[in-house]
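Student: Can we go through this one label by label? I'd like to know what stands behind each word.

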Amino acid sequence: MTDPAPPPPAPLPGVHRVWEEDVLPALERYTTVPCLSPAYDADWEAGGHLAAAADLLARWCAGRPVHDIQAEVVGRPGATPLLLAETPVTGGASGTVVIYGHLDKQPPLGAWRDGLGPFTPVREGDRLYGRGTGDDGYATFAALAAVELLDAAGIPRPRVLVLTEASEESGSPDLPDHLEALAPRIGHPDLVLCLDSGCLSYDRLWLTTSLRGNLVLTVSVEVLAEGVHSGSAGGIVPTSFRLLRQLLDRLEDSATGEVRLPELHAEVPDAHRPGEAPPWQAADTFPTVPGLVLEGTSDTERLLRRAWGPALAVTGMDGVPSVRDGGNVLRPCTTAKLSLRLPPSVDAQRAARAVEGVLTADPPAGATVRVRAESPATGWVAPAFEPWVTEAFGSASQEVFGRAPGTLGEGGTIPFLAMLTERYPGTPLVATGVLGPGSNAHGPNEFLHLPMAEAVTVASARLIAAAGRSPA
Ligand SMILES: [Zn+2]
């Protein structure tokens with residue numbers, strides 16, 4: 001994206017006012033709703049928080065000054081709700097734009113800083129703190145605000161469908177059925193816009209070029225029917241923790257973190273190599289302890305590792321008491337939950353089979369090893385962007401920041417994109433977002449960077465309008 005900058009279009013006034021006066025009060029109300037994704041709230045249906053959040057957003061959408069706006073919550077028993085806001089074409093434009101966001105949230109995860117809390121919205125300068133503000137509660141508001149700005153300015157645009165789902169943080173298990181049921185209504189979109197992605201800095205817009213896949217699995221190693229005195233069995237019965245370490249060593253080199261399985265690696269296309277001197281520093285991005293040595297030798301290499309490298313994290317353990325409760329016992333079993341990030345072009349099902357294969361083959365010391373893969377999600381590689389897409393996105397970045405946009409391979413996963421690319425081959429799919437340095441989605445102290453949210457709103461408006469003019 002180093003082409004000479006096109007002249008910025010006539011400015012779209014009012015984005016700041018809409019955010020301050022109309023969006024923020026509603027977004028703050030949404031922040032107070034503990035609408036955790038089903039994977040983190042087994043009682044989500046009885047609790048009703050997802051339904052409450054969907055209703056809150058639907059009511060806000062229905063009240064916007066947008067041409068003939070219809071907002072409804074689509075539900076099926078046992079499935080999370082889907083918010084659907086639809087507005088017909090204006091001014092003789094044509095086509096359909098689908099905008100995607102999600103309203104389910106990650107759990108609080110860790111202690112939040114004094115004065116902050118996951119369900120307490122707190123505004124500090126350019127930031128709105130709270131779980132789900134940036135990931136991804138802002139998306140529905142940004143989408144509708146974009147349409148509202150176009151309608152207020154009298155700029156013709158295609159039909160817009162805003163789909164806000166409620167199972168994304170659980171791997172979007174309910175989305176395929178929702179999409180299937182809505183297929184006749186959606187038709188074949190001319191543009192799909194996903195507002196659930198990230199940015200590398202807050203000084204320009206960022207276009208997502210790839211996302212990694214994700215493989216979540218549990219592995220358990222059992223050595224005894226019940227715990228026994230470690231003084232009696234230690235040195236005779238192999239410990240389940242040591243055997244688990246051996247299994248994990250089959251997946252990664254514990255000295256370097258390199259993933260050993262060739263099935264979990266991919267060639268990096270030349271167009272996806274990050275430029276030298278990115279406007280980003282790993283050291284400023286993560287709250288590392290003093291003196292921690294990061295993996296990778298430069299920030300450029302780290303961006304490449306994050307976008308296109310596999311990586312293993314142990315995210316939970318069972319069978320291991322807390323330190324305070326640990327006794328002199330040789331425990332019967334250790335279970336670990338693994339999160340494996342996969343390069344964008346790796347088939348997650350194939351990767352899952354490879355991982356299960358190496359973990360279950362030839363169990364160390366004849367222990368009982370069980371492996372359960374939970375939710376293989378394949379990553380996504382953006383097809384080459386059509387010129388009208390890069391131009392509309394580029395002019396929005398110029399309009400807001402006076403700077404060309406950047407491109408970014410994201411380390412996270414959005415299962416929806418691979419699903420949609422399969423469902424609508426040939427439809428341009430633009431993913432962008434507000435999750436940048438420090439925003440800490442999934443961790444404590446998550447915040448929404450408000451100027452970035454406004455910028456994404458402008459970008460959405462420009463892309464929607466351009467989709468109505470694109471060659472069909
Ligand atoms: Zn998200």
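Student: What are the two domains here, and where do their bounds come from?
Tutor: Domain 1 covers 15–211 + 379–469, and domain 2 covers 213–276 + 299–373. Those bounds come from an automatic or database domain assignment. This is a predicted model, so local features need pLDDT of at least 70 and side-chain atom pairs pLDDT 80 or more, while totals for chains, interfaces and linings use all residues. Residues are numbered from 1 along each chain as its sequence is written.

Student: How far apart are the C-alpha centres of the two domains, and what counts as a contact?
Tutor: The C-alpha centres of domain 1 and domain 2 are 33 Å apart. Two residues are in contact if their C-beta atoms, placed from the backbone, lie within 7 Å. On that basis, ten residues of domain 1 contact twelve residues of domain 2. On the domain 1 side, β8 (206–211), β15 (380–381) and β16 (406–410) each supply at least two residues, and β8 gives the most, with three.

Student: What makes something a helix or a strand with a number like that?
Tutor: These are DSSP runs: H or I over at least four residues for a helix, E over at least two for a strand, numbered from the N terminus.

Student: How do the residues on the domain 1 side divide by class?
Tutor: Three are nonpolar, six polar and one charged. Nonpolar means Ala, Val, Leu, Ile, Met, Phe, Trp, Tyr, Cys and Pro; charged means Asp, Glu, Lys and Arg; the others, Gly among them, are polar.

Student: Why are α4 and α13 called oblique?
Tutor: The axes of α4 (residues 133–153) and α13 (residues 450–469) come within 8 Å and cross at roughly 55°. Axes are lines fitted to C-alpha atoms, for helices over the stretch in contact, and angles run from 0 to 180 degrees between N-to-C directions. Under 35 degrees is roughly parallel, over 145 roughly antiparallel, 65 to 115 roughly perpendicular, and the rest oblique. The value fits none of the named ranges, so α4 is oblique to α13.

Student: Is that crossing left-handed or right-handed?
Tutor: Right-handed. The rule is that the near helix is turned from the far one by less than a right angle, anticlockwise for left-handed and clockwise for right-handed.

Student: Which classes of residue make up the contact of α4 with α13?
Tutor: Residues of α4 including Tyr-138, Ala-142 and Leu-150 meet residues of α13 including Ala-453, Thr-457 and Ile-464. By class, the contact has 13 nonpolar, two polar and no charged residues.

Student: What about α7 and α10: why are they called oblique?
Tutor: α7 and helix α10 (residues 348–360) pack at about 140°, with axes 9 Å apart. That angle is in none of the other classes, and the pair is therefore oblique. Their crossing is right-handed. Leu-247, Arg-250 and Leu-251 of α7 make the contact with Val-355, Val-358 and Leu-359 of α10, which gives five nonpolar, no polar and one charged.

Student: What makes β11 and β14 edge strands?
Tutor: The open sheet of four strands runs β11-β13-β9-β14, with antiparallel pairing. Two strands pair if DSSP finds at least two bridges between them. β11 (311–318) and β14 (368–373) each have a single partner strand, so one side of each is left without a neighbour in the sheet.

Student: How do you know that β9 and β14 are paired?
Tutor: Six bridges join β9 (residues 213–222) to β14, against a requirement of at least two, so they count as paired. One example is Val-221, whose bridge partner in β14 is Val-369. Helix α7 (residues 240–251) packs on this sheet, touching β9, β11, β13 (333–342) and β14.

Student: And what is the order of the six-stranded sheet?
Tutor: This open sheet has the order β1-β2-β6-β3-β7-β17, with mixed pairing. β1 (70–74) and β17 (429–435) are the edge strands, since each pairs on one side only. β7 (residues 191–198) and β17 are parallel over five bridges, with Cys-194 opposite Ala-431 in β17. α13 packs on the sheet, touching β3 (96–102), β6, β7 and β17.
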